[in-house]
Amino acid sequence: MPPLVLSEEEVQHLQALAHSRSLPHSIVQRAQIVLACGAGESNTAIAKRMGLTGMTVGKWRKRYRDLGLEGLHDELRPGRPRTYEDDKVAEVINRALQTKPADGSTQWSARSLAAATGISKTTVHRWLQIFSVQPHRQKSHRCAEAFGYLCHESNVHHEH
């Protein structure tokens, strides 16, 4: 295959990606593949040096040639659709932040929230972790606006 012709700007950008410590390894590796292709190495030589298959190297060479830097990112894959909509997530998070359990407990736990909302404990626990909500550490009840959800005045309870 003929070498990829890369502009100086493309080489600089690809080198930044190839030397990154914060990007996913897959992006770093793809940038390294494209740089090697631009330097004139064959797919076989690159594959052998990097411990990949020739098909993998060829795939990223072609994707970069066709799509540029955007081609280095993964395509969206089909998957299971979301079970709960954003408003349901917001309702659970707001409930954890703004109210106390009806059983007289001082704060919500993932289990008590799950029982009160009818959502699995695992799902509630995951949501609490995603939004860094720790009901047992709350000094006061606060609105979940900080998490991108709007709170309605009718839903805000000021219990101190």
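A residue counts as buried when its relative accessible area is under 20%, and as exposed when that value is over 50%. Keep this pair of cut-offs in mind, since we will use them throughout our walk through this predicted model.

Let's start with the whole chain. Going from the N terminus onward, the elements read α-α-α-α-α-α-α, which gives seven helices and zero strands. The chain has 160 residues, and 34% of them are buried. Its accessible surface comes to about 10,900 Å², with carbon and sulfur atoms providing 51% of that area. How do parts of the chain that lie apart in sequence meet? Take the contacts between residues at least 6 apart in sequence: 52% of them join residues at least 24 apart.

Now let's look at helix α3, which covers residues 43–50. Its buried residues are Asn43, Ile46, Ala47 and Met50. Viewed down the axis of α3, these buried residues fall within an arc of 100°, so they line one face of the helix. A simple piece of geometry helps here: an α-helix has 3.6 residues a turn, so residues three or four places apart point the same way. Turn to the other side of α3 and you will find Thr44, Lys48 and Arg49, which are exposed. What covers the buried residues of α3? Helices α2 and α4 are included in that cover. Just after α3 comes Gly51, which has a positive phi of about 75°.

The two helices that help cover α3 also meet each other. The axes of α2 (residues 25–38) and α4 (residues 54–67) come within 9 Å and cross at roughly 80°. Angles of 65 to 115 degrees count as roughly perpendicular, and α2 and α4 are therefore roughly perpendicular to each other. On the α2 side, the contact is made by Arg30, Ile33, Val34 and Cys37, while α4 brings Val57, Trp60, Arg61 and Tyr64. Sorted by type, the residues of this contact are six nonpolar, two charged and no polar.

Some of these residues turn up again when we visit Leu4, in the segment before α1 (8–18). Is Leu4 buried or exposed? Its relative accessibility is 10%, so Leu4 counts as buried. Leaving aside neighbours within four places in sequence, Leu4 is in contact with Val34, Cys37, Gly38, Arg61, Tyr64 and Arg65. One of these partners, Arg61, is 57 residues away from Leu4 along the chain, yet the C-alpha atoms of the pair are separated by 7.8 Å.

Further along the chain, Ala116 sits in helix α6 (residues 110–117). With a relative accessibility of 37%, Ala116 counts as partly exposed. Apart from neighbours within four places in sequence, Ala116 is in contact with Arg95 and Trp108. The C-alpha atoms of Ala116 and Ala102 are separated by 9.2 Å, with their positions 14 residues apart along the chain.

Our last stop is Ser132, in the segment after α7 (121–130). Ser132 has a relative accessibility of 55%, so this residue counts as exposed. What is notable about its backbone? Most residues other than glycine have a negative phi. The phi of Ser132, however, is near 55°, a positive value in a residue other than glycine.

Note on methods:
Residues are numbered from 1 along each chain as its sequence is written. This is a predicted model: local features need pLDDT of at least 70, side-chain atom pairs count only at pLDDT 80 or more; totals for chains, interfaces and linings use all residues. Side-chain values use heavy atoms; hydrogens and water are left out. Helices (H or I, at least four residues) and strands (E, at least two) are DSSP runs, numbered from the N terminus. Buried means under 20% relative accessible area, exposed over 50%, partly exposed in between (1.4 Å probe, protein chains only). Contact means heavy atoms within 4.5 Å. Accessible areas come from the Shrake-Rupley method with a 1.4 Å probe; for residues, only the protein chains shown count as cover. Axes are lines fitted to C-alpha atoms, for helices over the stretch in contact, and angles run from 0 to 180 degrees between N-to-C directions. Angles under 35 degrees count as roughly parallel, over 145 as roughly antiparallel, 65 to 115 as roughly perpendicular and the rest as oblique. Ala, Val, Leu, Ile, Met, Phe, Trp, Tyr, Cys and Pro count as nonpolar, Asp, Glu, Lys and Arg as charged, and the others, Gly among them, as polar. The arc is that of the directions from the helix axis to the C-beta atoms.
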